[in-house]
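Thanks for coming, everyone. Let me put a structure up on the screen, and then we can walk through it together.

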Amino acid sequence: MPFLGQDWRSPGWSWIKTEDGWKRFEYLSHKLGDNINELTLEELDIDKENIYMGDVCEVAAKKRKKDFFNNNTKSQFFFQERWIYVQKESTRERHGYCTLGEAFNRLDFSSAIQDVRRFNYVVKLLQLIAKSQLTSLSGAAQKNYFNVLEKIVRKVLDDHHNPRLIKALLDDLSSTLCILIREVGKCVLIGNINIWVCRLETILNWQQQLNNLQIPKQVSNGMTLSDLPLHMQNNILFKFSDACDIINLGQTTPTLQMLSEDRQLWKKLCLFHFAEKQFCRHLSLSEKGHVDWKLMFFTLQKYYPVKEQYGDTLQFCRHCSILFWNDSGHPCTANDPDSCLTPVSPQHFIDLFKF
């Protein structure tokens, strides 16, 4: 393979602009040798400004880039391809491996939170990272993480949707940061300690804003949920998979309170989240000898994880080892790409980058 320079590792040639067009600039020291101290640029009839234009522009470009991505920036690192090749070890074709921070930078989570189908998924992923993987993020990934987190908090404060999820996320994150700052020196903490202290103060401020959040009462002249027939309200409750949502909805009206205590509703919730073998170990009976399905659900929840449901998740192609969002796609070489796709849960996303 031919190389344009003497050394393939060299940065390339420098060029200057002349009246006849762009010409390659050769350093004077290569031609003049020992006589370089005896000559001046005026004697050689070369424009100083054109000679150093390339170097000045390069330095200015680097400075602008550094200033743009400093600690005060609120923008995220963007990539043209919104997918990433998950590589866990070096091969003859590829050297190195993919980290959690690289995946977080590449997979445009900043836009994903604007999609109602992906919002809960991204929040859960941020929560898992806060619990166990925060110290593994690079400096750039840390900035992206907190930029996405800030957009989530601002979104919740504006539209008043899902404040409970964000409160749980901030609680876990503040607890992790307190431990990391208290044990600084005993653990690997990328970045200056003062930056982490400022981040903790910001999180505490967000928590205070969420605690003071007042959701205004919706005033509507049209039909509301309470105006629907009982069987329709009951069918809506049976579509819920989150126990906290059922309890919160039951606190709105006496009718919904009665429907939210239905034994069949909690039985369906237990069968959806847990296996039947787990019921025998934690059987809860009422005073009348019947199974108390509501009490059993919260008992089982202490011992077993509940099933997670998301409107849209990341996809992993087993053929290409590529992680991507559904709408962005990826350059797959399989004959039947759909058969190679696997939905990636937030915990599976974390496990992909544990080496």
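**A helix with a covered face**

Let's start with Asn234, which counts as buried because its relative accessibility is 19%, and the cut-off for buried is under 20%. Please keep in mind, as we go, that this is a predicted model.

So where does Asn234 sit? You will find Asn234 in helix H9. Beyond residues up to four places away in sequence, Asn234 touches Leu259 and Asp262.

Now look at the rest of that helix. Which residues of H9 are buried? They are Gln233, Asn234 and Leu237. If you look down the axis of H9, these buried residues fall within an arc of 100 degrees, so they line one face of the helix. For anyone who wants the background, an α-helix has 3.6 residues a turn, so residues three or four places apart point the same way. And what covers the buried residues of H9? The cover includes H10, helix H11 (254–260) and H12.

**Salt bridges**

Let's move on to charges. How many salt bridges does the structure hold? There are nine salt bridges in the structure, and I'd like to show you a few of them.

One of them is between Lys155 and Asp159, where the closest N and O atoms are 3.0 Å apart. Both residues belong to helix H6 (residues 139–159), and they are four residues apart, about one turn of the helix. Are they buried or exposed? Lys155 is partly exposed because its relative accessible area is 22%, and Asp159 is partly exposed too, at 25%. Lys155 also has an aromatic partner: its charged end sits over the ring of Phe119, 5.0 Å from the ring centre.

Another salt bridge joins Arg164 to Asp242, with 3.3 Å between the closest N and O atoms. This pair links distant parts of the chain, 78 residues apart. Arg164 is in helix H7 (residues 163–182), while Asp242 is in the loop between helix H9 (230–237) and helix H10 (243–250). So that loop follows the helix we began with. Arg164 counts as partly exposed at 35% relative accessibility, and Asp242 counts as partly exposed at 27%.

Then there is a network. Which residues do salt bridges with shared partners join together? They are Asp115, Arg117, Arg118, Asp312 and Asp327. Within that group, the side chains of Arg118 and Asp115 meet in a salt bridge at 3.9 Å, N to O. Arg118 and Asp115 are both buried.

**A closer look at Arg117**

Let me stay with Arg117, another member of that network. Arg117 is in the loop between helix H4 (109–112) and helix H5 (119–133). With 44% relative accessibility, Arg117 counts as partly exposed. Its side chain makes a polar contact with the side chain of Asp115, at 2.8 Å.

What does Arg117 contact, leaving aside its neighbours within four places in sequence? The answer is Gly311 and Asp312. Arg117 and Gly311 are 194 residues apart in sequence, yet their C-alpha atoms are 4.4 Å apart in space.

**Aromatic rings**

Last topic: the rings. A pair of aromatic rings is described by the distance of the centres and the angle of the planes. The structure holds 13 aromatic pairs.

Take Trp266 and Phe298: their ring centres are 5.7 Å apart and their planes are at 45 degrees, so the pair is tilted. Trp266 lies in helix H12 (residues 263–273) and Phe298 in helix H14 (residues 293–303), so the pair ties together parts that are 32 residues apart in sequence. Trp266 is buried, with a relative accessible area of 1%, whereas Phe298 is partly exposed, at 28%.

Phe298 also pairs with Phe297. Here the centres are 5.4 Å apart and the planes are at 90 degrees, so this pair is edge-to-face. Phe297 is buried, with a relative accessible area of 2%.

Elsewhere, ring pairs link a cluster that includes Phe104, Tyr121, Trp196, Tyr310 and Phe353. Trp196 has a charged companion as well: Arg199 lies over its face, 4.8 Å from the ring centre.

That's my tour. I'm happy to go back to any of these spots on the screen.

Methods:
Residues numbered from 1 in each chain as written. Predicted model: local features only at pLDDT ≥ 70, side-chain atom pairs only at ≥ 80, totals over all residues. Heavy atoms only, no water. Salt bridge = Lys/Arg side-chain N within 4 Å of Asp/Glu carboxyl O. Buried < 20%, exposed > 50% of the residue type's maximum accessible area, 1.4 Å probe, protein only. Helix = DSSP H or I, 4+ residues; strand = E, 2+ residues; numbered from the N terminus. Phe/Tyr/Trp six-rings, centres within 6.5 Å; stacked < 30°, edge-to-face > 60°. Lys NZ or Arg CZ within 6 Å of the ring centre and 35° of its normal. Contact = heavy atoms within 4.5 Å. Arc of directions from axis to C-beta. Polar contact = N/O pair within 3.5 Å; in protein donor to acceptor, adjacent residues only side chain to side chain.
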